[in-house]
Amino acid sequence: MSDQGSQRRVVIIGGGFAGLFAARALRRAPVQVTLIDRAEHHLFQPLLYQCATGILSEGKIAAPLRAILRKHRNVDFILAEVTGIDAERRQVQVIRPGGERTEFGYDYLIVAVGVAQSYFGHDEFAVYAPGMKTIEDALVIRRRVFGAFEMAESATDLAERTRWLTFALVGAGPTGVELAGQIRELATKTLRTEYRHINPEDARVLLFDGGAAPLAPFGPKLSAKASAALGKLGVEQHMHSIVTGIDGTGLSVRAEDGSVTQYEAGTVLWTAGIAAPPVAAAIAQATGAKQDRAGRIEVGPDLTIPGHPEIMVTGDVMSLNKLPGVAEVAMQTGLYAGRRIRHETAGRAAKPFRYYDLGSAAYLSRGRAVVSVGKLQFAGFPGWVVWLFIHVGFLTGYRNRFGAVLSWWFAFTRDLRRERTFTTKQVGIMQDIYAEPPAPTAPGAGAEP
Ligand SMILES: Cc1cc2nc3c(=O)[nH]c(=O)nc-3n(C[C@H](O)[C@H](O)[C@H](O)COP(=O)(O)OP(=O)(O)OC[C@H]3O[C@@H](n4cnc5c(N)ncnc54)[C@H](O)[C@@H]3O)c2cc1C
């Protein structure tokens with residue numbers, strides 16, 4: 001790819017919070033920016049669970065990167081997957097959709113690729129228990145959740161019906177807690193009067209976690225309030241529980257005393273762990289950078305990789321001072337990376353990165369959330385009001401904000417969830433539910449030519 005004039009070239013890998021804020025910080029800077037993402041959109045991950053449970057459409061929580069950056073004349077957006085870098089030649093290696101490989105040269109590189117779901121060495125669980133990181137994941141979960149109620153409605157066998165009405169969630173962090181609350185809420189409110197053969201309120205939601213309490217990082221007080229609110233909603237909490245197996249029928253769980261219990265569940269969802277994507281390992285190998293246990297790249301106080309002042313790592317994939325993987329860290333590190341380049345191109349030195357902790361929030365159910373901001377803690381309705389303002393404030397684009405507020409109004413006042421459409425592929429674990437089951441293979445028969 002050609003260099004545009006004599007300007008320095010900045011390549012940003014990833015258009016999540018970190019990459020987007022870096023690009024915004026470079027608006028009108030005397031540099032040529034290329035933002036590469038394998039998705040065409042910027043995604044507001046904190047509201048994925050609302051897309052998965054039918055409150056918001058995918059268009060309300062995501063916006064095309066090209067549209068967001070249309071007024072940033074010095075920013076070029078490229079849809080491609082980055083596979084690695086050549087740190088000596090300063091080239092980013094990518095695969096375009098369709099498979100062609102190409103390279104982009106850089107003078108500065110900002111790595112903002114986020115993290116992926118980790119199954120703690122059990123990637124085989126992913127087929128049965130989708131995680132929630134992308135729009136695709138949210139749509140798979142939507143299909144599995146609403147599909148499970150449909151499967152239960154038409155089941156003639158009581159055991160099968162009970163299995164479809166059992167939902168298991170692995171991981172009691174914000175995402176697991178939010179999903180658990182939403183599934184109970186849609187069972188007891190939105191779907192309550194829609195079925196003729198099942199009572200959706202019978203749906204059991206089981207929440208498993210190896211720790212002592214849900215939302216433990218919020219501190220004992222808010223964690224206890226969250227646990228009480230979940231209990232009131234009817235979420236069955238199984239703490240100190242390690243999931244040891246997941247298959248098409250449910251999951252097996254080891255309790256604190258070592259006993260293993262098998263739970264039948266038609267839907268299992270995984271929100272437990274994170275791991276850096278493979279491209280992080282490729283970048284670490286090319287630069288000699290260290291990675292932490294989750295594969296995140298370790299950086300110095302100016303977010304650069306030691307020995308590579310031209311490469312900065314930002315957001316979830318960065319490892320620095322145990323900063324959490326939250327949107328606020330991603331935004332602040334992205335902004336810092338962009339501003340650092342601005343300073344350097346103006347001949348000024350940048351100060352080290354400093355994080356300003358603005359707190360964290362988790363939604364429990366209609367009118368209930370927990371929020372922790374410094375020494376201030378909110379739970380119940382006050383927490384929910386603060387949650388509402390934070391999320392409206394940070395959604396990308398005025399249309400999305402207005403649309404989300406309207407959808408919330410219907411969901412909160414009339415129990416309406418308008419975004420329930422799903423396709424029938426994969427409702428049952430791996431095939432189109434209307435497809436004929438595959439013919440049994442005769443013993444000893446060879447493979448088809
Ligand atoms: C379900 C969920 C709920 C959350 N809730 C909250 C919350 O309530 N509050 C909060 O503060 N935080 C929350 N978070 C965390 C927050 O969303 C992340 O911290 C934040 O998105 C990280 O931003 P990022 O830019 O580092 O990565 P991401 O937002 O993940 O963006 C990474 C980008 O890189 C792209 N990419 C990845 N690999 C490649 C590649 N090889 N080539 C090209 N492009 C690539 C991806 O397509 C993506 O666009 C939540 C996260 C999830 C998943």
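**View 1. Two buried leucines with positive phi.**
L215 is buried, having 25 other C-beta atoms within 10 Å, where a residue counts as buried if 20 or more other C-beta atoms lie within 10 Å of its own, as exposed if 12 or fewer do, and as partly exposed in between, with C-beta atoms placed from the backbone. The residue sits in the loop between β12 (204–208) and α8, these labels being DSSP runs numbered from the N terminus, with helices (H or I) of at least four residues and strands (E) of at least two. Its phi is near 50°, a positive value in a residue other than glycine. L303, which is not a glycine either, has a positive phi of about 65° and is found in the loop between β19 (297–298) and β20 (304–305). Because 24 C-beta neighbours lie inside 10 Å, L303 also counts as buried. The model shown here is a predicted one, in which local features need pLDDT of at least 70 and side-chain atom pairs count only at pLDDT 80 or more, while totals for chains, interfaces and linings use all residues. Residues are numbered from 1 along each chain as its sequence is written.

**View 2. The surroundings of V75 in strand β5.**
V75 lies in strand β5 (residues 75–79) and counts as buried, with 22 C-beta neighbours inside 10 Å. Leaving aside neighbours within four places in sequence, V75 is in contact with A23, V33, L35 and L69, a contact meaning that the C-beta atoms of two residues, placed from the backbone, lie within 7 Å. For V75 and L35, which are 40 residues apart along the chain, the C-alpha atoms are separated by 7.0 Å.

**View 3. The ligand between two domains.**
The ligand is surrounded by 34 residues, of which the closest are G14, G16, Q45, G114 and G315; a residue is near a molecule if its C-beta atom, placed from the backbone, lies within 6 Å of it. The elements that give two or more residues to this shell include α1 (17–25), β2 (31–37) and α7 (174–190). By class, the shell holds 18 nonpolar, ten polar and six charged residues. Because domain 1 (8–38 + 80–115 + 276–345) and domain 2 (123–272) both give residues to the shell, the ligand lies between them, the domain bounds coming from an automatic or database domain assignment. Taken over C-alpha atoms, the centres of domain 1 and domain 2 are separated by 35 Å.

**View 4. An open sheet of three strands and the helices packed on it.**
The strands of this open sheet follow the order β23-β24-β25 with antiparallel pairing, two strands being paired if DSSP finds at least two bridges between them. β23 and β25 (376–378) stand at the edges with a single partner strand each, so one side of each is left without a neighbour in the sheet. Between β23 and strand β24 (residues 368–373) there are five bridges in the antiparallel sense, and A361 stands opposite V371 in β24. Helix α8 (residues 220–233) packs on the sheet, touching β23, β24 and β25, and its direction makes about 20° with that of β23. Helix α11 (residues 380–394) also touches β23, β24 and β25, its direction making about 70° with that of β24. For such angles, axes are lines fitted to C-alpha atoms, for helices over the stretch in contact, and the values run from 0 to 180 degrees between N-to-C directions.

Methods
Ala, Val, Leu, Ile, Met, Phe, Trp, Tyr, Cys and Pro count as nonpolar, Asp, Glu, Lys and Arg as charged, and the others, Gly among them, as polar.
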